[in-house]
Amino acid sequence: MKDVSSNKFHSILNSIHQLIKADGLSTGDRLPSERELSERLQVGRSTVREALRSLELLGIISTRRGEGTFLESSQSNQIVELLAKYILQGHQVLENLLETRVLLEMGAVWLLCDRMKEEDLAELREVNDQLLHVEKLEQVVQLDSTFHERLVYLSRNHLLIRIWQEIMQFLHTQPAVLSLSKVTGAQTLWDEHKKLLTAIRERDMVQSLSLMKEHFSPSVFQTVESQSNPV
């Protein structure tokens, strides 16, 4: 930035983040004024202004004329859109993201072998059993997608969940969605999910990871029509 080094600028951003936490601010709350931030952080107003502009660009805050600056929901930020337009381009990058998604989901399974609760298993079984009552391909795809999502969320690792969310949001911006799962029927998916849940319930980490790996397509990167959501 104009009057601050990169390291100092990152320090200011971190200080603003710490101030937001210290003040207990949440989505929709108004941030302190530019002048107050300058005084509390003991930096120039121009530095604060540049930092706030960066946060606004990412959609973390928003400025309302005559009202002030407000904290936005993390779900509404523009990080994914910015990545999609300017950084994450090219087939190799997509493959890397899909590989990362696989690793994250296998990591979630690894964690679940240690921390899965009976109510978690019941929730996953309920989602899985719905596969036995659908026929349309889009319903099968959606239920499999929900099953994978719940696996990740039940890992209770918030950083893993957040990274997985960002990757999934980015993948949904692509004109052609890449599928990770084998093209298969509802009964086969139900069987695979059931075996996986049994292995997790038995705390068999090696078997659980092996089953999760088998659940994905051997090629992993199979292009499907954009109308089908990734599984």
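Q: Just after α2, what phi does glutamine 42 take?
A: Elements here are DSSP runs, numbered from the N terminus: helices are H or I of at least four residues, and strands are E of at least two. Glutamine 42, just after α2, takes a positive phi of about 60°. This is a predicted model, in which local features need pLDDT of at least 70 and side-chain atom pairs count only at pLDDT 80 or more, while totals for chains, interfaces and linings use all residues. Residues are numbered from 1 along each chain as its sequence is written, and side-chain values use heavy atoms, with hydrogens and water left out.

Q: Which residues of helix α2 are buried, and which exposed residues does the face turned away carry?
A: Buried means under 20% relative accessible area, exposed over 50% and partly exposed in between (1.4 Å probe, protein chains only). In α2, residues 34–41, the buried residues are Leu37, Ser38 and Leu41. They lie on the same side of α2 because they cover an arc of only 100° around the axis, the arc being that of the directions from the helix axis to the C-beta atoms. The face turned away from this buried side carries the exposed Arg35 and Glu39.

Q: Which members of the largest nonpolar core touch the most others, and which element gives the most to this core?
A: A nonpolar core is a set of buried Ala, Val, Leu, Ile, Met, Phe, Trp, Tyr and Cys residues joined through side-chain atoms within 4.5 Å. The largest has 19 residues, of which Leu124, Phe147, Leu151, Leu196, Ile200 and Met212 touch the most other members. Two or more residues come from each of α5 (91–115), α6 (118–129), α7 (137–153), α9 (186–201) and α10 (205–215). The most come from α5, with five residues.

Q: With which residues is leucine 196 in contact, leaving aside its neighbours within four places in sequence?
A: Contact means heavy atoms within 4.5 Å. Beyond those neighbours, leucine 196 is in contact with Val109, Phe147, Leu151, Ser208, Leu211 and Met212. Apart from the largest core lies another core, of 16 residues, including Ile16, Leu25, Leu41 and Val43.

Q: Which elements have the lowest and the highest mean pLDDT?
A: This score is the predictor's confidence in each residue, from 0 to 100. The protein averages a pLDDT of 80, and 77% of the residues score at least 70. Among the elements, strand β4 (residues 222–223) has the lowest mean, 43, and α6 the highest, 95. Over residues 219–231 the pLDDT is below 50, although this stretch has 39 contacts in the model beyond near neighbours in sequence. Where pLDDT is low, the predicted coordinates should not be read in detail.
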